[in-house]
Amino acid sequence: MESKSIKVAVISDLHIGDMAKGKDFSPEKTENASVENYLQEFSDFVDREKLSADYLLVTGDISNKAKDSEFELASNLIEKIAQALNVNRKHIFFCPGNHDVNWPAIKSQREAGASDDLVLKAKYLNLLKPGLIFSDNQAHGAGRFDDAPYFVIWKLGDINVFSLNSAIYDEPDKKPHCGEIKSEQLTVLESLLDAHIDKSKLNIFILHHHPKQYHDRTFQEGDKSGMINADGLLHLLSKKEIDFIVHGHKHIPRFDMEINSDGHPLWILCSGSFSSRLDDRYFGGVGNFFHIIDFHSRCQENGWSRGIVKSWTHLLGHKWLESGTIDFDSSNQFGAYVSPQKLRNLLESTLEGLFKDKSFIEWSDLIATNESIQYYPNNLLRSNLAAVAQKMKLLQRYSGQQQAFESLILIRERSA
């Protein structure tokens, strides 16, 4: 990946149909819809913020019940979302989710005595219907979501997108419903990654189901809907030095980093839901989410991709606003990592140099002195910066309403 910005927009879990938040996001009338024209609100927000992207990722649960009418509407809406962001139609990449599996077709095929291959094809007859953006854009890649190993690769000039169908083995009678990747798939996947990963490009891996367990703040019961063999997948992606992972399924967004014994850090964005109605009884006031991953460059020292995930949320009565207002940072940094002690040493030496001739410094002064600071994970940087500020008797202030790093000001306390 050359040292130029690549912007990747992310939407997930649209649930177009009777669970959609917007009336225009369902082909039928639904009592769950609470917004008259959700697409227009999104387009107005994009115009207001002057947002654009180079690519658009859609990480599953595109429909709610895998109906033909839902996918037809989804194809149209996703194209309009891409157009609002100035994303080329061919630059829309996706993966199926568990809600995109046609369960009635599975039952009818099994009752008719169809072969397993025909049953598998029937799962995606509606999603991959000719003429829709999903079948058209799958054809631009290598592989199919309904053929083993259920994996599609899109290769462009500055990006490779590797997309796994983690819902392929889900069926109506399967309990618990969960994602899965089988051991034989991992073997084939390793060969495909060896053949297609190109470190001169950005390499992104997308799937629907979460490849790690998350702490649930709202659901009390254990989550059994993740992925079987997820650990094997994460080890493989670390071994092959994938730059970034994006998934859906969990309607509460997260952003985190995983390091396993293969050594390469994996930056993982759990997207949340773009347009599903979210019941406050279960989701605790969490809104719908939209993200842009801004890949700035690749670190010359360790080869890691670096950048910032910008996030916005839609809340009833507020429409779209920066997400930092509801316990998910509006900007999440990625691409650098050291131990807490090394980071404290780095921050202390950098600040000591800056405060030799200044009584206060801004965030821009800090990253101009050491650019890597802007890529350390938010939690790691925030806690260790606070420790160093306390040790050096520095006050932390923010020029904006949110405690965002870009508005940070550090002030030397006056002696008594």
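Biologist: What makes the crossing of helix 1 and helix 2 right-handed?
Modeller: A crossing counts as right-handed if the near helix is turned clockwise from the far one by less than a right angle, and left-handed if anticlockwise. The crossing of helix 1 and helix 2 is right-handed. Both helices are DSSP runs, numbered from the N terminus (helices are H or I, at least four residues; strands are E, at least two). Please keep in mind that this is a predicted model, in which local features need pLDDT of at least 70 and side-chain atom pairs pLDDT 80 or more, while totals for chains, interfaces and linings use all residues. Residues are numbered from 1 along each chain as its sequence is written, and side-chain values use heavy atoms, leaving out hydrogens and water.

Biologist: Why is helix 1 called roughly parallel to helix 2?
Modeller: The two pack at an angle of about 15°, with axes 10 Å apart. That makes helix 1 roughly parallel to helix 2, because the label covers angles under 35 degrees (over 145 is roughly antiparallel, 65 to 115 roughly perpendicular, the rest oblique). Axes here are lines fitted to C-alpha atoms over the stretch in contact, with angles from 0 to 180 degrees between N-to-C directions.

Biologist: Which residues of helix 1 and helix 2 meet?
Modeller: L39, F42, S43 and V46 in helix 1 meet L77, K80, I81 and A84 in helix 2; contact means heavy atoms within 4.5 Å. These residues divide into six nonpolar, one polar and one charged. Nicely, an α-helix has 3.6 residues a turn, so residues three or four places apart point the same way.

Biologist: How do you know the reach of helix 1 is close to the expected one?
Modeller: Helix 1 has twelve residues and spans 17 Å from first C-alpha to last, against an expected 16 Å. The expected span is 1.5 Å times one less than the number of residues.

Biologist: Why is D13 called buried?
Modeller: D13 has a relative accessible area of 0%, and buried means under 20% (exposed is over 50%, partly exposed in between; 1.4 Å probe, protein chains only). So D13 is buried. D13 is found in the loop between strand 1 and helix 1, and its phi is near 50°, a positive value in a residue other than glycine.

Biologist: And Y150, buried or exposed?
Modeller: Y150 is buried, with a relative accessible area of 11%. Y150 sits in the loop between helix 5 and strand 4, and its phi is near 60°. P149 lies in that loop between helix 5 and strand 4 too, and a cis peptide bond with omega of about 5° joins A148 and P149.

Notes
Nonpolar A, V, L, I, M, F, W, Y, C, P; charged D, E, K, R; others polar.
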